[in-house]
Amino acid sequence: MAEWCFASADAQRTEQGDENQKPKSAPDVADCSSREFSDQKRLEMSMREFVDHWVGNSSNGDSDGSLLYLKDWHFMKEYPAYVAYTTPTFFADDWLNMYLDSHPIHRDSDIANHANEINCADYRFVYMGAKGTWTPLHADVFRSYSWSANVCGRKLWLFLPPSQSRFVFDRNLQSSVYNINDDVSEKQFPEFNNTEWLECTQEQNEIIFVPSGWYHQVHNLEDTISINHNWFNGYNLHWVWNLLHEDYKVAKYYIEDIRDICDDFEGLCQRNLAANTGMNFYDFFVFITRFALANIIELYHIQNPKESALSSTETANHFIYNLMSIRNVASKMISTEAFNTENICNISEQNRSAFSDIIKILEEESFRRLLVALSEAYNYINRGQRDCLKMRDSNQKGCLSVTCLKSDCNVVGHITSFMREIHGPVDLMRKVKHQSLTNICIGDSDNVLNDM
Ligand SMILES: O=C(O)CCC(=O)C(=O)O
Ligand SMILES: [Fe+2]
């Protein structure tokens, strides 16, 4: 069970991403020597103040003792024209950042307005910290994967496999250990002694991959600058769902006693879930519906070699796997109270309109951008960057996908022949299984699904 803190300053991207609310001039600076709730204390300062502090501390050799760590700087978002780096191929299948480049994470106005900047955030960061700065024990936001590249400096990473996560929690599964190097109280964390840590030093120019759900603590062994991304895709989508589901149960538990006096109990649970976890069930459902559509379109184009610039069974299998992963998650959503008949009827218009009318979605500019991004990512993954750029230049007419070379492509007709409206996870699950997806996938895909 994840830590749950309604009003905590748990602003780091472990759970919430509240740091994204800060304007450009106020980066997220952690004071590594002070704890605030389950995270390090955050300080208000400008980038210049941060750099002056760093340079001052190292040049006069007379440190003022504070260890300031600039975290979660949305460098790519702030300086898109600078193109400091391109995402390494292994990490390019990044649904999270692709989506946030074209879509808001929340649709409900009360959540979206409340956290406007979270709503158009990304999860591509720069971290900068002097020797001795560190990040407390955590598992990453949405239980995403993360990768981290050291531009300069060195980091020490301590990892705990998910099978041992429970050992860092207290008896009530309410709070987790903050610093594994502290004298951890056996009374509070009775199983901590059972943990077995994997240790790894990351040198300059090296990249670390953090798998979903692995708790980790990180120390800068030298002055270090790194690039850090969080992302998820068809391979770890179930981790995202499992976290949302766990956090949802906690959200409900906390307000169960006011259920009877609440006009919209489910709505309140979902608002609290979005505030705590960064996304709620409806946000996630919109997300997976759109990725289902995008993957169906890509699959349609790749199935017929005459219509496809990329004809590869491997790539087709990738799209099929993605679709089965989405279907698998949709099948788990069905049994939650949030998607029972009554609550489905109460879903806000903003959310409903974002997943229900397929033709409308296909016409949206934001969906088109998502599709182009997905298509480019797979081109990049499959063919390498040079070919990918060539593909981009030959952008298509008359078709939704950049991978399609036919001007009279009928992908919209194909989709709407079996999928016009989506009312909830049941529809999504059924339609993703529809025979029309592909002639080859259904037999295989059921096996894939059984293995998931
Ligand atoms: O580099 C750090 O201090 C923390 C990085 C981290 O937690 C991550 O990339 O997931
Ligand atoms: Fe992390």
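The crossing of α6 and α9 is right-handed (the near helix is turned clockwise from the far one by less than a right angle; anticlockwise would be left-handed). The structure is a predicted model, in which local features need pLDDT of at least 70, side-chain atom pairs count only at pLDDT 80 or more, and totals for chains, interfaces and linings use all residues. Residues are numbered from 1 along each chain as its sequence is written, while chains are lettered from A and ligands numbered from 1 in the order in which they are written.

The axes of α6 (residues 237–255) and α9 (residues 313–333) come within 9 Å and cross at roughly 15 degrees. Helix α6 is therefore roughly parallel to α9 (an angle under 35 degrees). Axes are lines fitted to C-alpha atoms, for helices over the stretch in contact, with angles from 0 to 180 degrees between N-to-C directions. Helices are DSSP runs of H or I with at least four residues, strands are E runs of at least two, and both are numbered from the N terminus. From α6, Leu-237, His-238 and Trp-241 meet Ser-325, Ile-326, Asn-328, Val-329 and Lys-332 of α9 (contact: C-beta atoms, placed from the backbone, within 7 Å). The residues of this contact divide into 4 nonpolar, 3 polar and 1 charged (nonpolar: Ala, Val, Leu, Ile, Met, Phe, Trp, Tyr, Cys and Pro; charged: Asp, Glu, Lys and Arg; polar: the others, Gly among them).

A second helix pair is α8 (281–303) with α13 (365–383). Their axes come within 10 Å and cross at roughly 55 degrees. The two helices are therefore oblique to each other. Their crossing is right-handed. Arg-290, Ala-294, Ile-297 and Glu-298 in α8 meet Phe-367, Leu-370, Leu-371, Leu-374, Ser-375 and Tyr-378 in α13. This contact divides into 7 nonpolar, 1 polar and 2 charged residues.

Both α8 and α13 also help cover the buried residues of α3, as do β4 (124–129) and β11. Of the 8 residues of α3, 6 are buried, so the helix is largely enclosed by the rest of the structure (buried: 20 or more other C-beta atoms, placed from the backbone, within 10 Å). These are Trp-95, Leu-96, Asn-97, Met-98, Tyr-99 and Leu-100.

Asp-108 lies in the loop between α3 (95–102) and α4 (109–114). Asp-108 is buried, with 20 other C-beta atoms within 10 Å. Leaving aside neighbours within four places in sequence, Asp-108 contacts Ser-348, Gln-350 and Asn-351. Asp-108 and Arg-352 are 244 residues apart in sequence and 10.0 Å apart in space, C-alpha to C-alpha.

Definitions and conventions
Angles under 35 degrees count as roughly parallel, over 145 as roughly antiparallel, 65 to 115 as roughly perpendicular and the rest as oblique. Two residues are in contact if their C-beta atoms, placed from the backbone, lie within 7 Å. A residue is buried if 20 or more other C-beta atoms lie within 10 Å of its own, exposed if 12 or fewer, and partly exposed in between; C-beta atoms are placed from the backbone.
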